[in-house]
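Please open the structure in your viewer and keep the selection tool at hand. The tour below proceeds one selection at a time.

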Amino acid sequence: MSIETDSVIAAANGEMRSLMARVENGTNKAQDLRLIVQTGDGVRLLNSDAVVKLEPGETQFIPLKIFIEKSLPAGSSIISLQLRDSSAHVVAHWGTTLTIAPKRQLRLSADVTQVLIYRAGDSLNISARVFNGGNQTEEADIFASFPQYAGSEITLRKKVILAPFTSQKVEFSRIVDRDLLRMEIFTVNVAGTNANKEFFGNATVTVQNALGNRRFIDPLQNNVYRGSNANRIAWSTSNPFEEFSASHNVDLRSEINVGNTKATVNLNGTYWPNLDTPVMFQNTWLKIENKSLGMQLGNLNGSDMEITLNGRGAQFFYTPQNEKGTAITAGVVEKSYNIFDPFQLSYFPRGYSAFAKTVHQITAREKLDGEVIWDTDPFQKSFIVKGGYSFSNQKNTVYDIDLAYGQTRAVSNPEVMEPSLAAGFNYRKNWDKFTFSSANYYSTGYYPGIRRGSAVSEQRVSRSYDKFSVYGAYGFNRYNPQNIEPLFRFNSFSERHRAELGANFTVAKRFNVNVISQISTEESDVFLGDNFTRSLVSFNSASLTATLNYNTEDQKNRFTLTHAQGLSLYRNISEPQHIYSYQASWQHRNLTLSGNYQYGNFLLYEGNRNGALNTDSEKFSAVTSYRLTLLNNKLNLNLSAFANVDSQNGESFALSSNLDYQMLRTTRLFGSYSYNKFSRSGFGSANSYYQLGISQDLPTIGDETVKYKNGTIRIFTFFDHNNNGTYEPGTDKPANGVKVKINNILFISGDDGYIKYRKLPYGEYAIKSNENEWYSENQKIDLKQKEEFIALPLVKTGVLKGRIRYEKTSKFQYEVQEHVAGIPVIFRTAAGKTFTFYTNALGEYNAYLPVGQYHVSLENQAFQKNVYTESSFDEIKVEAATTTNLEDFILKVREKKVEIKRFGSSD
C-alpha cells in the first residue's frame, strides 16, 4: 500500500488550500482502509477521516481541503496522512510540510483619547494598547512625547514583546506641574517602531487643564506647545582669556502686568574688559501697552517700512480692538546703536528719522496702508509719502498696489534737489490647476527708499497634473541707483534678463525628478585693468539642470543629486565656455553631508577677480553637520564643518559647534565654539571664537493683559441637600471636585466649591454641570461687567431605566418596521418641569434625574404613522443613588379597516 501527495505547500493565514492524495493498492487482495489526516493547532481539515476501499492494483485520488486559521503562527508544520486497516495498524503514511509566510501587522491605539488635569503634583497617566495582528512574535519600542517647558519635549520609551495575535497595554506617566497646567490644552503623541526601527503607527491623547481658577485663552490662537518663555535673564562670556576680543554680555527680558497695563523691559549690554570702550547697550527698550494704546522708548528696529529704522528714540502706536479700524504707528529715531551715547556730539552727526504709518482694514478682504518718513544722514535729507491697497479673498486671488513719492536734497548743497517715484504691483491667481504670479516694482534713481533705482518684473505660470507639474517664468532685474551728494557720484549699474522652463516628475512613491532649462543675459559695471577702470560688461549663459530626490521608506535617509551644464561667455571678451556643476547631499536622521563642484561661470560676478575676467574658474565645497540629543532631550549638541576651495577667491575652512543643556526646569547652560581659516596667494588668517553662558527663565508678573473688553465669571457650586436652591451652611456643603462646563470649556471646582474664569470677552455664556450623579439647572449669563457671580446648586440624582417594545394587536394591523431608536421619553414633575431622554438602538433608555416624583410618557409625535401607545406611568419616585426599572412601554399598531360581506340565499 502507498499514499502520496504534495511534499510542500505554502499558504497564508485565512486561506483555503486543496490537496489531492493518491492511494494505490499494490497487493493482490482487496483492502478496506481508513484515511486519517492529522495536523497541529491552527489548521482545520474539512474531511479529516475518509473510508478507502480498493481492489487489487486499484488507484484512487482523494481530495482534501484544509483551512489555515488566522491564529496559526508563521513557520513550518507537518500534515500527516495515514492509511490504517481494520485493526488500526498504519499500513502507509505521508508527511506534507506546510509553510506559513511571516506576516507583520502591528497596530497602536490610545486607550483614552482625552485626559483631564487640574492639580499640580497629580500624576498624568497616558495609556495605549499595542496589537500584534501578525503571525510572528514582535518586539516593539513605544515612545510617548510629552510637551516640556520652554517649547521642547521629553520622550519616554518602553519596550514590549508580543506573541502572535495578542495585545498589550503600555502606560506612561508624568507628574503634573504648573507649566503643564499653564499650557491649557496640549497633545501627547504615542508612536511605535518595530524591531527594524520602522514606524508602524501613532496615537494622540488630548490633555486638557480643568483647573477651577484660570484665565481665558483664545482657542484659535492657543499654541499646543507654547514656545520658549520670553522672560529671562542670561549672562555669557566670549573669548574670556583673549587680550582684545574678550567680552561679557547680559540679556534681560521681563513682563509686568497690572490691570490692563502691560510693561515689557528688554536690556542687552556688552562690556569689553580689556578695551577702553564703554558698555554698549543695544536692543534695550521699555514698552508700555494699555488696551489699544502703547509706546516704546529706547532702541527701535523696524524693517517693514520703505527705509530701515535702526537707532534710539520713541515710538507710539494705536491698535484697534475690533477687526475693522485703523492701526497707527508714529515715532522718531536718532541713528545711534548705543542707547546711552550722549546726544550732543562734537564729531560727525549720525542723522535722524521721523515716521508715521497707518493700516486701515476696510473689510476682511481689503485694507489700505500708508506711511510718511522724514530721514536725514550725513549726506542727504529726504522724505517719502507712500500709499497702498491690498486684496485677498483667502481662496485664490491676492494682489496689492503701492505708490510712493520721494524727495532728496544734498546736505553739502541744499540747492541740489531731486524728486522721485516708486510703484509696485503684485498679483497671484489660482484657477483650476493653473497658478499665475506676478511681482513688479519700479523706483527712480534718486528714490530714498531701500530699493532705490530698482526695476523688477518676475512672471511665473505653472500647471499641475496628477504625477507631474510644469512651469514657465521670466525675470527682469535692473539696479541703477543715483547719489545726490556731489562728493560721492559713483553709481553702480546692473541688469539681468532670465527665462526658465521647468518640470517636476514623480517617478515613484518616494522618487521625483526636477528639470530646469534657463537662459539669461547680464550687464553690469565691472572694474577692469591695472587701474580698475569701470567698464560695462555683458554676460550670456544657457544651462540645463536636473535634480533627483529620493527618500527611503522609513524616512530616515534622503538623497539629492543635482547636475547642471551649459554654455556661458563674456560678450566681445571671451569665446563660449562649457560650464557644469555637480551637487550631492545625503541626510540620515541627524547627519547631513553635502558636496558641490563647479567649473566655469554661471553668473557674471563669478569670473571677476583683481581687475580681470576669467572663464575657467573652478571651485569645490563640502559641508557636514550632525545633531546629537542626549539625557532625554536635555542635552543638545550641534556640530558642523565647512571647506571651500576656489580658484578665484582662495581656500577657507570653518568648524563650529554649539551646546545647550537644560540643567533645571527653568535654567539652561549654553556654549559654542567656532574656528575659521582662510588663505589666498600667500596670505592667510585664522581665528577662534568661543562662548559660555547661563540663562534663567523668569516668571511673568500678573495676568497677561488683553486688548478686548473682558470680565470674570465666578461660580459657587454646592450640594443642595434640602433641595431648596439656597446655600445653607448648616445643611449644604461646598461641592469640591465637581465638573462644570462654561461654553464647553471644562472646569473642576476647588475645595471651596468655587470656579473662576478670568479675562473672558464680553458676551453670552452657557453654564451647565457635567455630573451624572448630581443635577443642576443649565444657566445662561450675559457678561457685561468686570465680574458676574452665579450660585450653582447640585441636587442628588437617581436613575430610571426602561425600554420600549412593539406588541402585535391583530392579524389585520398595518405593516410597519419596528423602529425603537431615538424616541423621546418625557419625565415631568408636578411643577411642570420636563426632562427628555432618548432611546438607543435597542429601545432602552437611562435617565439621570433629580430626586422627586415624575410622570413618565413618550413623545407621540416621534412615532411612525399608525403607531400609538396607551402606556404612561404616574408618581414614579426617583431616590438618591438608586436605579429603578420601569415597566416596558408598549407600542401598538392600528388595525386596517376591513369591510366584511356575507353571501347567502333567501328563503
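**A pocket and the strands around it**

Begin with β43, which contributes four residues to the lining of the second largest pocket, the most that any element gives. The model is a predicted one. To display this strand, select residues 618-630.

Next, select F143, T155, R589, N590 and N633; among the 23 residues that line the second largest pocket, these lie nearest its centre. The space enclosed there amounts to about 930 Å³. What is the chemical character of the lining of the second largest pocket? Colouring the lining by residue class will show seven nonpolar, nine polar and seven charged residues.

Now add three further strands to the view: β13 (138-147), β14 (153-162) and β16 (185-193). Each of them, like β43, supplies at least two residues of the lining of the second largest pocket.

Keep β13 at the centre of the view. How many of the 10 residues of β13 are buried? Eight are, so this strand is largely enclosed by the rest of the structure. Buried here denotes a relative accessible area under 20%.

From β13, turn to β14: the two strands run antiparallel and are joined by 10 bridges. Select P147 together with E153 of β14, and the two residues will be seen to stand opposite each other.

Finally, turn to β16, which pairs with β13 over five bridges, again in the antiparallel sense. Which residue of β16 is the bridge partner of D141? Selecting T193 displays that partner.

Methods
Residues numbered from 1 in each chain as written. Predicted model: local features only at pLDDT ≥ 70, side-chain atom pairs only at ≥ 80, totals over all residues. Heavy atoms only, no water. 1 Å grid on protein atoms, 1.4 Å probe; cavity = no way out; pocket = protein on both sides within 12 Å on 5 of 7 lines; lining within 4 Å. Points joined across faces, edges and corners; volume = space filled by probe spheres on them. Nonpolar A, V, L, I, M, F, W, Y, C, P; charged D, E, K, R; others polar. Buried < 20%, exposed > 50% of the residue type's maximum accessible area, 1.4 Å probe, protein only. Pairing = 2+ DSSP bridges.
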